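Dear colleague,

As agreed, I am handing over the structure, with my notes below it. Please look through the coordinates before you read on.

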Amino acid sequence: MDFTTYWQYSDMVTRTLFFLLLVLSIASWVTGIIRILQSRKLAASVADDLSAQIHSKQASLVESDAASRRLVIEQTLLKHIGRYRFASERGLPILGTTAAIAPFIGLFGTVWGIFHALHNIGVSGQAGLGQVAGPVGEALIMTGLGIAVAIPAVVFYNLAIRINRLVMYHANDRAHDLLAQSSELAAVQQAPIQKPAVQRDTTNQVTQLTKQANADKQAEHYHKSAPSQL
């Protein structure tokens with residue numbers, strides 16, 4: 001059965017289902033290709049982009065303390081990772097919806113084609129091959145179209161999900177590295193501040209020891225001079 005014969009046997013319902021499957025097929029192919037290309041580009045640049053965002057943010061946090069700096073960096077990382085996740089999931093609802101409903105649209109076309117065949121048998125009163133061949137062939141074509149639309153959508157969806165997991169892996173891995181670098185930088189900046197305090201404690205201890213030594217010398221001198229006065 002060629003397309004002309006198929007179109008001759010089809011009615012308004014079947015033609016509507018055919019155009020609906022055609023639109024879903026075009027949308028899934030275009031969306032799937034664009035989504036995979038953008039996800040691969042995002043996976044290659046997400047780590048460097050996240051580092052650039054944090055380094056630009058750290059320039060304005062030089063005078064902040066370690067706790068405030070870490071809190072701001074964590075919130076910035078969470079914000080940008082959420083944006084990357086949202087950007088990587090664009091178009092996935094179209095692929096998921098197409099993969100889910102396309103087989104059912106084809107199944108509905110199959111049921112409608114069988115109903116059409118039974119209607120022709122009832123009108124003609126004959127159950128010959130000529131009365132049922134066209135509608136049954138129409139039903140089988142709708143089933144095949146539904147499956148043909150759903151399979152590429154499922155493949156694109158799974159590929160996009162796999163690449164998006166790679167994007168999130170690179171983003172989270174770089175986020176942990178940036179947090180560790182921020183903690184090391186805070187420790188280095190706090191070290192010169194703590195050093196004078198240690199020196200002051202040492203000076204106080206030396207002063208106390210000097211006073212104690214002077215007191216001991218005075219007591220010894222008093223004990224030595226006491227017998228001579230007697």
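The model is a predicted one. I begin with the interior. The largest nonpolar core has 15 residues, and those with the most contacts inside it are Leu-50, Leu-77, Tyr-84 and Val-167. Three helices, α2, α3 (66-88) and α5 (129-229), each supply at least two residues of this core. The largest share, 6 residues, comes from α5.

Leu-77 is a convenient place to look at the contacts. Setting aside neighbours within four places in sequence, Leu-77 is in contact with Leu-50, Ile-54, Ala-175, Leu-178 and Leu-179. There is also a second, separate core of 8 residues, which includes Leu-17, Ala-102, Val-149 and Ala-150.

Next, two positions in helix α2, which spans residues 12-58. Ser-51 lies in this helix. Its relative accessible area is 10%, so Ser-51 counts as buried, the cut-off being under 20%. Not counting residues up to four places away in sequence, Ser-51 touches Arg-174 and Leu-178. Leu-178 is also among the contacts of Leu-77.

Val-30 is likewise placed in α2. Its relative accessibility is 45%, and Val-30 therefore counts as partly exposed, the class between the buried limit of 20% and the exposed limit of 50%. On the surface, Val-30 belongs to a nonpolar patch with Phe-19, Leu-22, Ile-26 and Ile-34. Together these residues have about 440 Å² of accessible area.

Regards

Terms used: Residues numbered from 1 in each chain as written. Predicted model: local features only at pLDDT ≥ 70, side-chain atom pairs only at ≥ 80, totals over all residues. Heavy atoms only, no water. Patch = residues over 30% accessible without salt bridge, like charges linked within 9 Å, V, L, I, M, F, W, Y side chains within 5 Å. Areas by Shrake-Rupley, 256 points an atom, 1.4 Å probe, with all protein chains shown as cover. Salt bridge = Lys/Arg side-chain N within 4 Å of Asp/Glu carboxyl O. Helix = DSSP H or I, 4+ residues; strand = E, 2+ residues; numbered from the N terminus. Buried < 20%, exposed > 50% of the residue type's maximum accessible area, 1.4 Å probe, protein only. Core = buried A, V, L, I, M, F, W, Y, C linked by side-chain atoms within 4.5 Å. Contact = heavy atoms within 4.5 Å.
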